[in-house]
Amino acid sequence: MRDESTNQVGKKSDTIRINDLILPVSLKTGAQWQSEGSEPTEQPISISIFIYHNVSRTANADDLSYSINYSDIAKEIRASVISTPFICLQDLSRHICNAIHEFSSLVNLLGGLEIRIRVAQLKAPLHCKTVAVEHLAKFSSDGSWSAHEITHIVEDLTCPTIVGVGSAERLEKQDVVVNLSINTGEQGLDQRDWIDLRALTRILYEEISKSDFLTLEALTSFLASETLSTLKSYQPSPIVSIRAAKPSALTLARSAEVQVLRTLFDYPDQVDMSQTALPEIQTPTTAAQYSEFDLSKAAIALGSNLGDSFQNIEYALRLLEIPQDVLGDTGVSMSVTVVNTSFLYETAPMYVIDQPSFINCACVVETNLSPMLLLRLLKKIESIVGRVPSIRNGPRAVDLDIIFYDNDVIDTRLDKQNLDELDGELVIPHPRVQEREFVLRPLADMIPNYIHPFLNKTVEVLFKDVCDPKTPPMNKIIPYPRFPISTSFSSPYHSISPVPETLACWSYPSTTSSRSKPKNSKTHVMATLNVTPDSFSDGATHDVLPAALAYACSSVAAGATIIDIGGYSTRPGAAFVSVEDEIRRVVPTVTAMRDSNALSDVLKDNKEFSLTDDLLDRMADVPISVDTFRWEIAEAAIKAGANCINDVYAFTGPDSWPTPQPDTDQGKKAAEYMTKMKAVAREYAVPVVLMHSRGDAGKNKDYSQYHYAVDVQQATLEGVRIELGAKVDQIVLGKGGVRRWLVIADPGIGFSKTLEGNLEVLRGAQDVVADVMIGDRHDGSGTYRNPLSGYPQLIGVSRKSFLGAILAQDPEGRETRPKERTWATAAAVTCAVQQGALIVRVHDVKEMMDVVKVAEALWS
């Protein structure tokens, strides 16, 4: 599969533009008329340059030395083209890109630099206002570049023709104005790929002039077909957009206009498909032709709306990785490995709307199975999990579809136009992918820059095309599994672990571009239960079972939706606790919380709250998180009834900062933590809270290596994104990865951060998981998409020392113990809610529930 995410500069929020620099340039293709002989024609050419560059530093300092001098660039463009003759616009555009590495204002920015270039012929071929070539150029530090999104443009091609249904319109020709753009993807600037825009406009002018359509729609579609037919030798097939307007159609409007977007697939009867420039449609390969060493990548979409959808999807993914067991002996060694997963989405049904909502997601697999054998595996899995024949697009326990397979284009249908009867047929890419947001959104989580093999658009562009900004975004879902595991689950395949039922699921908005919390978004309150004698805030308060259970029950009664149990203090200087002692502290509390009889017996004399049947039911169903960095404790707690892992070291252990070399003892220990914690999380399918930290919470507070973000006051925040993001990628991606939908990010407020750093991260917490580019574009490694983009956040500020430091500031300040910081905690929790936190971790549940309710009302 083709994914250019490593080359993508991504979100281009700031742009420096040079608009319509008019220069006299000589073109051998002529101007209004074709050049005679080989003599070039000097003419005015418009050159526009759009440079994607973060201007925050310049804006803050109001100093041009931090920016790009557009005056110098204009002069350097002029010097590079003014005395050189060119064959055509494409030749001119290539020349400008080749010269950019010598431009003084850009030479130090080349690594990761992206520039959009448009060159337009103002004295265009007859009957046109303008012809132009536009494209995106991505540069490497050595000055080399690659072209993307290449578009050939014809503006205002005007021609008289018969078009219309009125009697007068059938008698006299009227002007039609056509605007055309041809998207050729990454091809079009090499000489062998040049499109002759003069010849194309002449062909279209002649076809328009002799046409006599009744409708503008028919004329527009006809011109798209003619354009594609003219370019049928072009590989791959381009995407053509045509607008045709009638200026004389309406007396009170400038014109009436129709626009269409077409590819060769839209004209099967008008174009000889055997001679098209589409990617080669392959003959399905047999299993025997695939080697166990030849791995391909496939994107698979999954959906469910019957039964326990989360259990169904997890079961299907586990079956996917045991093809030999599922399919039996096929004569070849079979391998399928899930290497990436999307978030989970709750989506409204499409096509057949009278059915329950769906849970949708997608995964990327590496496999040596042929496409046909992979399809056979998916159909067998659907049968095993419980899909039964129903109406097309109707309810199902699980549905699996191959969306992409490498860059292959495969179609086994006899009737290539029938998109409805696909049973037993293989069509890759999936024929309806471009119209399905519930497929494109999960794909965009994983492979946003994969380019559709014949639409020549990235997954991200296809998603944006189909996404309606006026409708609320889909909700993401986090499922919590029920433990101890039910004996009701049965599977004939003993090579996979039992799949737990779902205890609870939380939903939250998939996107937000505002600085306030999305409407109808719930902030969950996590109660902090430390069964330790030495925690910084409440040590020895709940370290005996009755006190622990009383706190848990009173917290749930007050509104907490998850309980976090910890048996090993992370405060600086805390005493070492053995694995056995940590298990003895944590597991009995979890076990008792899941036993209503034990709760009733231990708390029968409680005076603080009423232990009603309703509260006992809520205790049975409230998710329990185990606060530990050790896999032994995590597994023991889950088996006893916990449902989530909360790891302050994000699966790398307490001695993983600075990042150790892999071949050292420290490095090997960190790798062991990573491997074993991932294995536990993957086997039990539990959500994981992964926190940013740097070893000892009171040390390692220097973030000067992220100096490039200082001017926007985000050096510490940038450190969180880069350091925690690297760990999250290591946990989610590759063989044995944790499902993306089970990961919750914690920016680690109070851990290895100065007072100012903690405030920076808290007030900008939304930016921790924003879809932005991170990294220093000047250090040679370039920028890349934030690995934490889209993840939900847990924010813990309760009673922390940075709040005490604030309260102690100034002459009138006061020293406070952790339990005296309730009001300070309330202010910080309000900020966390405003920043869109999914979970706030607190000690004083009753008081903080009031804070959260008011904050949600204020910020939603």
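Visitor: How many aromatic pairs does the structure hold?
Guide: Happy to start there, with the reminder that this is a predicted model. Ring pairs are counted when their centres lie within 6.5 Å. On that basis, the number of aromatic pairs in the structure is ten.

Visitor: Is the pair of phenylalanine 404 and tyrosine 450 stacked, edge-to-face or tilted?
Guide: A pair of aromatic rings is described by the distance of the centres and the angle of the planes. For phenylalanine 404 and tyrosine 450 the centres are 4.4 Å apart and the planes stand at 45 degrees. Planes under 30 degrees apart would be stacked and over 60 edge-to-face, so this pair is tilted.

Visitor: How many residues apart in sequence are the parts that this pair ties together?
Guide: Phenylalanine 404 sits in strand β14 (residues 399-405). Tyrosine 450 belongs to the loop between α9 (437-446) and α10 (459-466). Both residues are buried. The pair therefore links parts whose separation in sequence is 46 residues.

Visitor: Asparagine 456 lies in the loop between α9 and α10; is asparagine 456 buried or exposed?
Guide: Asparagine 456 has a positive phi, near 55 degrees, although the residue is not a glycine. Its relative accessibility is 13%. Because the cut-off for burial is under 20%, asparagine 456 counts as buried.

Visitor: And how does histidine 127 count, buried, partly exposed or exposed?
Guide: Histidine 127, in the loop between β3 (114-121) and β4 (130-139), has a positive phi of about 80 degrees. Its relative accessibility is 39%. Buried needs under 20% and exposed over 50%, so histidine 127 is partly exposed.

Visitor: Are helices α11 and α14 roughly parallel or roughly perpendicular?
Guide: Helix α11 (residues 545-558) packs against helix α14 (residues 613-621) at about 100 degrees, with the axes 10 Å apart. Angles of 65 to 115 degrees fall in one class, which means that α11 and α14 are roughly perpendicular.

Visitor: How many charged residues are in that contact?
Guide: Helix α11 brings Ala552, Cys553, Val556 and Ala557, while α14 brings Leu615, Arg618 and Met619. Six of the contact residues are nonpolar and none is polar. The charged residues number one.

Visitor: Which proline follows isoleucine 428 through a cis peptide bond?
Guide: The bond in question has omega near -5 degrees. It leads into the loop between β16 (427-428) and α9. The residue there is proline 429.

Conventions. Residues are numbered from 1 along each chain as its sequence is written. This is a predicted model: local features need pLDDT of at least 70, side-chain atom pairs count only at pLDDT 80 or more; totals for chains, interfaces and linings use all residues. Side-chain values use heavy atoms; hydrogens and water are left out. Axes are lines fitted to C-alpha atoms, for helices over the stretch in contact, and angles run from 0 to 180 degrees between N-to-C directions. Helices (H or I, at least four residues) and strands (E, at least two) are DSSP runs, numbered from the N terminus. Angles under 35 degrees count as roughly parallel, over 145 as roughly antiparallel, 65 to 115 as roughly perpendicular and the rest as oblique. Contact means heavy atoms within 4.5 Å. Ala, Val, Leu, Ile, Met, Phe, Trp, Tyr, Cys and Pro count as nonpolar, Asp, Glu, Lys and Arg as charged, and the others, Gly among them, as polar. Rings of Phe, Tyr and Trp (its six-membered ring) pair if their centres lie within 6.5 Å; planes under 30 degrees apart count as stacked, over 60 as edge-to-face and the rest as tilted. Buried means under 20% relative accessible area, exposed over 50%, partly exposed in between (1.4 Å probe, protein chains only).
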